[in-house]
Amino acid sequence: CIVDMGDFGKALIKLNVGGTIYETRLETLDRGSKQGSQILQELCNTARSLYAQQTYSSSPINIVLTLDRNGFLYSWVLDYLRDSVVHDVPPHNREALVAEADYLQLPLLAGLVKALPTPRDILKALTELEVSTSSKNLEILARLESLGARVVDLEKRVGGVEVAVEDSKFRSGSDLSRLDFIRILAAGNAASMRIMGMNLVRVDLHALDFSGVRFDRCNLAGANLEGAILAGCSFKAAKLQGVNFTRAVMDQHADFTGAEFSAETDFTDLQWATTLPYSGKIEEIQLPPVHGKYYISAKGAGAEDG
């Protein structure tokens, strides 16, 4: 007696394989019979027959199918029948599982098991990946080395400029170079700059902003302050022989008390333009000029009072 699958396909049955009990549904086993498995077809027919017999009994339906095979392998067989895939079959179980698939006449299952990667395949893939990664790493390293070489070359060029500036500083005998001043000014420390009494002979400070800086007692002989902003600067007792103040900017707070000038000190186009046609030591200077004239008290060779 064959019962319609609609009455029984989803009912649970027990499958005893070599003493290992599995619970499954008839429709799961029937998938294998539809792939041509005569053994699974016979199990399905037996289950239907037992179901038909028990429907006329008052006892609960209990169907147990028996298969004298290796029960350990059938967890993968049932996974395949449910999902058409195989999961996590260890390499040492694959040969036995292929043999079981051949026994059950399930060639698709056998093909899936044979297609699983072996440890050698995995090792080969990892080796190829490592080689590919190493090749890419070498390419990256080569690019980094090239970039590093460019950085080193740039550092050498910058270093060359700094060395040239430092050489110029040492040749001039100045305590600080133009680059030193630029660094200090860029750091915003000009207002707190303490350079009083320093030797700044022939230093090039053109076009820099020294607002409020005290150059008291500094030796600036021959220095270039062309276009520099000197508002509020103090040059008390400074040596200013031959300093180029051309186009420099000063205000009424500039203090030259006790400063020493020479005929070469150049104030051309200063904000309060004047030329000091004498050498000597200024004892007092008043800025800005009154009625267009500076009032300077000076003593020394060639100096003129008033």
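Visitor: In what pattern do helices and strands follow one another along the protein chain?

Guide: Reading along the sequence of this predicted model, you meet α-β-β-α-α-β-α-α-α-α-α-β-β-β. That makes eight helices and six strands in the protein chain.

Visitor: And how much of the protein chain counts as buried?

Guide: Of its 306 residues, 35% are buried. Turning to the surface, about 17,600 Å² is exposed, and carbon and sulfur atoms supply 54% of that area. As for contacts with a separation of 6 or more, 30% of them join residues 24 or more positions apart.

Visitor: Let us look at helix packing. What numbers describe two packed helices?

Guide: The general idea is simple: one gives the angle between their axes and the distance between the axes. Here, take α2 and helix α3 (residues 38-54): they pack at an angle of about 145 degrees, with axes 8 Å apart. Their crossing is left-handed.

Visitor: Which residues of α2 and α3 meet?

Guide: From α2 come Leu26, Leu29, Asp30, Gly32 and Ser33. Facing them in α3 are Leu40, Gln41, Cys44, Ala47 and Arg48. Keep Asp30 and Arg48 in mind, as both belong to a network of salt bridges that also includes Lys34.

Visitor: How should I read a salt bridge, then?

Guide: Look for a side-chain nitrogen of Lys or Arg within 4 Å of a carboxyl oxygen of Asp or Glu. By this rule the count is eight salt bridges. Lys34 and Asp30 form one of them, with their closest N and O atoms 3.7 Å apart. Both residues lie in helix α2 (residues 26-34), four residues apart, or about one turn of the helix.

Visitor: Is Asp30 buried or exposed?

Guide: Asp30 has a relative accessible area of 9%, so it counts as buried. Its partner Lys34 is exposed, because its relative accessible area is 68% and the cut-off for exposed is over 50%.

Visitor: Where else does a salt bridge sit within a helix?

Guide: Try Asp79 and Arg82, whose closest N and O atoms are 3.6 Å apart. They are three residues apart in helix α4 (residues 74-83), so about one helical turn separates them. Asp79 has a relative accessible area of 22% and is partly exposed; Arg82, at 36%, is partly exposed too.

Visitor: Which salt bridge links distant parts of the chain?

Guide: Lys239 pairs with Glu260, the closest N and O atoms being 3.8 Å apart. This pair links distant parts of the chain, with their positions 21 residues apart: Lys239 is in the loop between α8 (178-186) and β4 (260-261), while Glu260 is in strand β4. Lys239 is partly exposed at 36% relative accessibility, and Glu260 is partly exposed at 24%.

Visitor: Which residues of α8 are buried?

Guide: They are Leu179, Asp180, Phe181 and Leu185. Just after α8, have a look at the backbone of Gly188, which takes a positive phi of about 75 degrees.

Visitor: Finally, how do I read a nonpolar surface patch?

Guide: Search for neighbouring nonpolar side chains on residues with over 30% relative accessible area, joined within 5 Å. In this model, Leu138, Ile140, Leu141, Leu144, Leu147 and Val151 make a patch of about 570 Å². To place it, start from Leu144, which lies in helix α7 (residues 119-172).

Technical notes:
Residues are numbered from 1 along each chain as its sequence is written. This is a predicted model: local features need pLDDT of at least 70, side-chain atom pairs count only at pLDDT 80 or more; totals for chains, interfaces and linings use all residues. Side-chain values use heavy atoms; hydrogens and water are left out. Patches are made of residues with over 30% relative accessible area and no salt bridge: like charges are joined within 9 Å, nonpolar side chains (Val, Leu, Ile, Met, Phe, Trp, Tyr) within 5 Å. Accessible areas come from the Shrake-Rupley method with a 1.4 Å probe; for residues, only the protein chains shown count as cover. Helices (H or I, at least four residues) and strands (E, at least two) are DSSP runs, numbered from the N terminus. Buried means under 20% relative accessible area, exposed over 50%, partly exposed in between (1.4 Å probe, protein chains only). Axes are lines fitted to C-alpha atoms, for helices over the stretch in contact, and angles run from 0 to 180 degrees between N-to-C directions. A crossing is left-handed if the near helix is turned anticlockwise from the far one by less than a right angle, and right-handed if clockwise. Contact means heavy atoms within 4.5 Å.
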